[in-house]
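Q: I'm new to protein structures and I don't know where to start looking. Could you walk me through one?

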Amino acid sequence: MDPIRTYLGRLLLEEITPVVMVITTPLVEVACQKNGFSFVDMLLPFSLFPRIDVPVRTASDQPYRLQMFKLRLFYSSNIRKQNYEAAEEHLKRVVYDLNEKNPPDLLSEPPQLETALTKSESDLCPAWIKTFNKELIRTVSFSEHETFDHPVACILVASSKDEEPINKFMDLFNMDQTPPLLNEGAMDPKMLKHYVLLHDNQDSSTENAASIFAEMKNTFGQYDCKMLSINSLREGDENNNDVLWLPYRNYGILDHDKRCLLNTDDLNQIREFMQDLATNHIIPYMEQKIRVLNQQVSVTRKGFRNQIKNLWWRKGKDDVPEASDGPMYTYSSIESQIRILGDYAFMLRDYELALSNYRLLSTDYKLDKAWKRYAGVQEMSALSYFMLDQSRKEAEYCMENAFATYLKVGSSAQRNATRCGLWWAEMLKARGQYRDASSVYTRISNEEPTLHAAIMLEQASCCYLLSRPPMLRKYGFHLILAGNRYYMSDQKQHAIRAYRNALFVYRDNSWSYINDHVHFNIGRWYGSLGALDVAIKHVLEILACSHQSQPTQNLFLNEFFHFVQSAGKRFDVHKLRLPAINMSSFKVIHEDHRTYASAADFDVRESAWRDLEEEMIPTAAAMRTNWLDSQLESSLKKYDYCVCVAGEAVKVEVELKNPLQIPIPISEISLMCDLSDDDASTLDNGAPSFSANQNTGHMESSVYRLMDGDDSLFNLSKHDLVLGGGETKRVKLKVTPKVEGILKIVGVRWTLSDSVVGYRYFEIDTSKKKKAKKGVRNSSGKNLILRVMKGIPKLEGRIDGLPAKAFMGDLRLLSLKLKNTSESAVKNIKMKINHPRCLIPGNSGDDLSFPQCLAKNNVHEEERCTLTDNKDTFKSCLFSFAEGNAVQGEEMFSWPIWFHCGTPGKVSLLISIYYEMENSYGGMTYRTLRMHHILEVLPSLDVSFVISPCPSKLKEYLVRMDVVNRALSECFLLHQLSCVGGNWAISTLPSCNNISSVQTVLAGQALSCFFKIQDLNGVTKEGECTRHGSDVLIATEGSLNSLLDISKSPLIDFHYQERHHQGKLSEGSQSLLDFVLLSNAVGSNFESEAGSDHQLLSHHACHCSVVGKSSISWLMGGPHTVHHDFSNSFCEVDLHIDLLNCSPNQVNVQVSTFDYTPDTTQNPSSDSNSVPDLSTKQTGWSDISLENDTRVMSTPKKVQKYHKPTSESAPPFIWSGSCGMQLSLEPACTARVSLKVCVFAPGTYNLSNYELLWKEEAAGLSVSGTGRGHPFYLTVLDGPHREVTPV
Amino acid sequence: MASTACFVIVSKNDIPIYEAEVGTAPRKEEVAYQHQFILHAALDIVQDLAWTTSAMFLKSVDRFNDLVVSVYVTAGHTRLMLLHDSRNEDGIKSFFQEVHELYIKTLLNPLYLPGSRITSSHFDTKVRALARKYL
């Protein structure tokens, strides 16, 4: 690439050019000021010669032509080094001026990635930055260590109005306004001088001027004098003013207020003057000087001898104390001469000559430790290398060297370092090494004050973007750094510009802190500039900053509210992130023909309800004919929307979460809805057009309409709440449509801190929608569009008094309250309950004074329910309220319901109530009301019964009731034990009549009571049982002294349920009878609602069977003491065995007697067989400890029975009569077998040596068993014969 | 002397999936974003550098003032980045290797979705322990 065509090349051609010093008299300036500029300004547009085409010869006589040339004109007063502060001030002003001329465009959209990448360098870096760079470079002009800023020529200007102009010319150069460097000796005072006489045509005629000019020529020589006449414009010829002033306008030095007085001739004259000055005077002069100096340098420095000499001479100067700038060199010193030679050669583009001289000089300066000069020379040689387009490495090395050396010198050369860096960076950029360039800019930025650093960093960032591949993140980072520094130097607009440009790098960024920093700062700065809309937009991005600390969150939030308040208008923010809305928790609850008593009931699975309602509601097909026949038929077929009813609220549950640690107040949370007509066309494109709205910047009007809602169409509920730090709350929002149509639930809106309105659309994924069609009811998008039906009656229901916790066995009377909220009546009410064991509807005529209604009423003899298994009546559990039971509009309807809980644990009660409309309403003919209750049943009393046969009586049994209180702290008062059915009489044992001592069961206490029961079935002699009854009152004190009738409605109903239920558990075991234990709960810790004395509990123990019962029980009877006179004969005693068939089948029994003593070893084995058999039969018992008890008790009895040895070797008695009898017994039948025994000697005999063998035919299987005789002791006394007295 | 060390695991989608300030210097709000900026910008360098070498440990790839960024690139192009001001290359290398092992263990968790944020407190404690040991 041609170095001249690069930016740096052009910059060098413009900036490193000969300097012309201008000295004027005051009158000259007055003349120029008529046009509004100074003399230098007047010449300025003509100091650049784009095509000068001057032939030049190098020092070695090589001819070449200069194409472009430039002169720099300065007043002598300006040829001085600026001090640092002044330079700083100047640069600041430059930035401000440039900023005002073209303010950055801050309100447009920030750039995007694609546009940024396609931008060229000039677009990326604002143009004013280049200007700033130039100005920055110019601040280090006129330093003593560089000579290209030293004036080559001097123009002395006097006005024709000046008194004695010739003398003025003499004075001008000698006055002390000459530059200080000239006076110090750093500059060569012998320079080319040019004398100009300025004539103002407005003041006087040209004759006077011409005479002065002639005099000048005589004095200063013909060639060095020029006359310029200006302001020759006359009144009236202003025709082509604009074209004329174009050069000045380009330089920006024209003041519009002033009249311009120059005409075309004047300008041409000036142009010719400048051309002449450059071509004929300055270039030849420089050429000449190069020759002279080159000659001089060759003589003193070139050649081997000179080099040795030089080296030796420099060595000798080692002891010179090291000054900061190195030794002082005057213009006449050989080093300065070489430098001038180099600079002149550089300015005349003889770069090779320049380079050779710079290299020569750099070793000298290095040896002299004149570091600043050394750096300057290095800098120039690098530029020479660049212009020669040679050895890039060398150029870079020199630059780096120069830069480092300048930095080493310290603060005095710091700006030089900056200039060097800028050139270096430009050089790298020219060669496409953008990444290196950016690092150079970064290095400069470290040395400069903040404003400059900001500009440098911005340029660095541009370089990162331009490098291939673009380094976007570096670009962003450096822009942020730049913006930060702009802000520090009070350039907010530039700061915003920098941050905005970086935005696309950090868009959708999960680097949270970066995001927060960028958006917060942009927002804040926009806010301070008054662009509150944009400020709020940015601050909104960072509101949900859960990762920040609490003070930062506070800061963000306060800033946000501050902006919003100062903006002072309503803000609607889509997707406001405070609070966060958990869309997965989103739920729509709407009621069509299914209505719910409470929102929680909605959570129960639909299938559970469906199962429950299966028999109750009309079948699906029937239902369809019902409401598809109506006018909605066609549209409903088409649009399978959910249905809701006008006047009834549709509820939407949404979870709100506060991501911050600070509480935020939220008010007016409500839904955004849209209710449209039934028109099919709106249905068709309703949803899609709406979603399109969301995507492509929603239309404001529609949003407002959605937000404010339409009171005539629907009502919206509004909620206010305060979300604490990190808190999550569920909000239930309602919309109540008033008219028919299609209701679309569009979104939710809320007001944050009374200032900002946030809203959010419920977005529906199309993929989700598909899934939803498969029947997922909750959270499906389809639910958001509802068809509103005409208002139809609705029942609201609740169950009064249903506890959340109850003890097992708790028996209560509840009341079901149904309320018809509409005006028209409903009829044909049916109810179904999933747990008929827990809830049984009562009769409307029931005496509601519970539990007194249960009291036994002797006067009113009720027909006893037989214990036939009428389970089937309760299996379906469909309860129809009386046919005429229509609930009129606005009417309350109440129905008693009995409640009883059988087993401990959690019970989920589903109650569904079906009803039909009195009048047929458009769509639906029936509705269901669903109620769901969950209650926890706590364990209370554990009751178990052990029934063992009474040893002395066949039809009597002993009952041991084991009661354990499993409640934690509750005491129970036993009230009554009843056996169900009329065939049993229960009584307390005579020995323990005083049972009242055990009536209270404390928490954790276990106790046992004994009762006797008697089978009344076969008892013929009424008189024997004096006091029989199926109930035993245990309690003697307490409020409820009377016996309760268990055969009355709720108790017997629940008993059937329990029986049915427990029967399932203990299948196969032989059931004898059922017990019902009634008790009262007393105690401190019971729930207050249940704290009354009437807390009645009923425990049902069903299918109790006799322990260890074989299918046959028998009892031997006969006299126990017999008096017999053995002198006559042996004694014969009549005995008999009563047999009872306890099995449900027919049994064949064989009684066999034997006279020998059986082998005793056989017995325990058969015994051991029976014991486990016994325990397995006890599976119905839930409690193990109780079972253990029974075993412990029963075992010794048995052992005793079977281990009784019969010690006699030969029995002194024999069985007489038949020794083997066989008979068949029907179930529950008794039979008597007569036996005879002959006794040969007096004594006491154990008549247990008989055996019963039975065979039972049960369902094709024959079960057989044997039984040994029970001990029966017969005492025969020798004596006179008496009557045998039976025992 | 209080040292700064900011450790970040960046997923292959350039999303930080784990961040921890493991230095001994007291944590300050205003440097948190600065660290992120430096690490984020260093990704540009890593992007170039990662393909020039077969080593996983790229040593220090970038610097900002006196803060140095050391990077370790896993085979899945997950980058473990450490911003530090100490000069302990061996320690940093060992640290990276051990954290890499921990990271692989996290990846083996079937419930962990690769590329998602690592929220395991166990991982966090382990990393901090390693930082104390090596840095």
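A: Sure, let's go through the interface, a covered helix, the cores and a single residue. Keep in mind that this is a predicted model.

Q: How do I read an interface, and how many residues of chain A and chain B are in contact?

A: Start by listing who touches whom, then ask how much area gets covered. Here 22 residues of chain A are in contact with 23 residues of chain B. Between them, the two chains bury about 2,100 Å², and 59% of that is on carbon and sulfur atoms. On the chain A side, Arg473(A), Trp511(A) and Tyr513(A) lose the most area to chain B, together making up 41% of what that side buries.

Q: What about charges and polar groups? How many salt bridges are there between chain A and chain B?

A: The count is four salt bridges. Look for Arg435(A) and Asp48(B): their side chains meet in a salt bridge, at 2.4 Å from N to O. The interface also has ten residue pairs in polar contact.

Q: Which elements of chain A give two or more residues to the side that touches chain B?

A: Those are α22 (472-488) and α24 (512-529) of chain A. The biggest giver is α22(A), with six residues. Sorted by class, that side of chain A has twelve nonpolar, seven polar and three charged residues.

Q: Now a helix. I'd like to know how to think about its faces, and how many residues of helix α23 of chain A are buried.

A: An α-helix has 3.6 residues a turn, so residues three or four places apart point the same way. As for α23 (residues 492-502) of chain A, nine of its eleven residues are buried, and the helix is mostly covered. The buried ones include His494(A), Ile496(A), Arg497(A), Tyr499(A) and Arg500(A).

Q: What covers the buried residues of α23(A)?

A: The cover includes α4 (84-101), α7 (127-138) and α21 (450-466) of chain A, along with α22 and α24. You've met those last two already: α22 and α24 of chain A also give residues to the side that touches chain B.

Q: Which residues in the largest nonpolar core touch the most other members?

A: With a core, it helps to find the well-connected members. This one has 219 residues, and Phe39(A), Leu198(A), Phe346(A) and Ile745(A) touch the most other members. Helix α13 (residues 264-300) of chain A provides the largest share, twelve residues. Zoom in on Phe39(A): leaving aside neighbours within four places in sequence, its contacts include Val22(A), Tyr75(A), Val157(A), Leu198(A) and Leu228(A). There's also a second, separate core of 32 residues, with Ile799(A), Ile833(A), Met931(A) and Val937(A) among them.

Q: Is Val1147(A) buried or exposed?

A: Check the relative accessible area. For Val1147(A) that value is 0%, so the residue is buried. Val1147(A) lies in strand β43 (residues 1147-1153) of chain A. Residues far along the chain can still come together in space, and here the C-alpha atoms of Val1147(A) and Glu1226(A), 79 residues apart along the chain, are separated by 6.6 Å. Not counting residues up to four places away in sequence, Val1147(A) touches several others, including Ile1112(A), Leu1223(A), Leu1225(A) and Trp1254(A).

Q: And chain B? What pattern does chain B follow along the sequence?

A: Just read off the elements in order: β-β-α-β-β-β-α-α. That comes to three helices and five strands. Chain B has 135 residues, and buried ones make up 47% of them.

Key:
Residues numbered from 1 in each chain as written. Chains lettered and ligands numbered in written order. Predicted model: local features only at pLDDT ≥ 70, side-chain atom pairs only at ≥ 80, totals over all residues. Heavy atoms only, no water. Contact = heavy atoms within 4.5 Å. Buried area = accessible area lost by both parts, 1.4 Å probe. Polar contact = N/O pair within 3.5 Å; in protein donor to acceptor, adjacent residues only side chain to side chain. Helix = DSSP H or I, 4+ residues; strand = E, 2+ residues; numbered from the N terminus. Nonpolar A, V, L, I, M, F, W, Y, C, P; charged D, E, K, R; others polar. Buried < 20%, exposed > 50% of the residue type's maximum accessible area, 1.4 Å probe, protein only. Core = buried A, V, L, I, M, F, W, Y, C linked by side-chain atoms within 4.5 Å.
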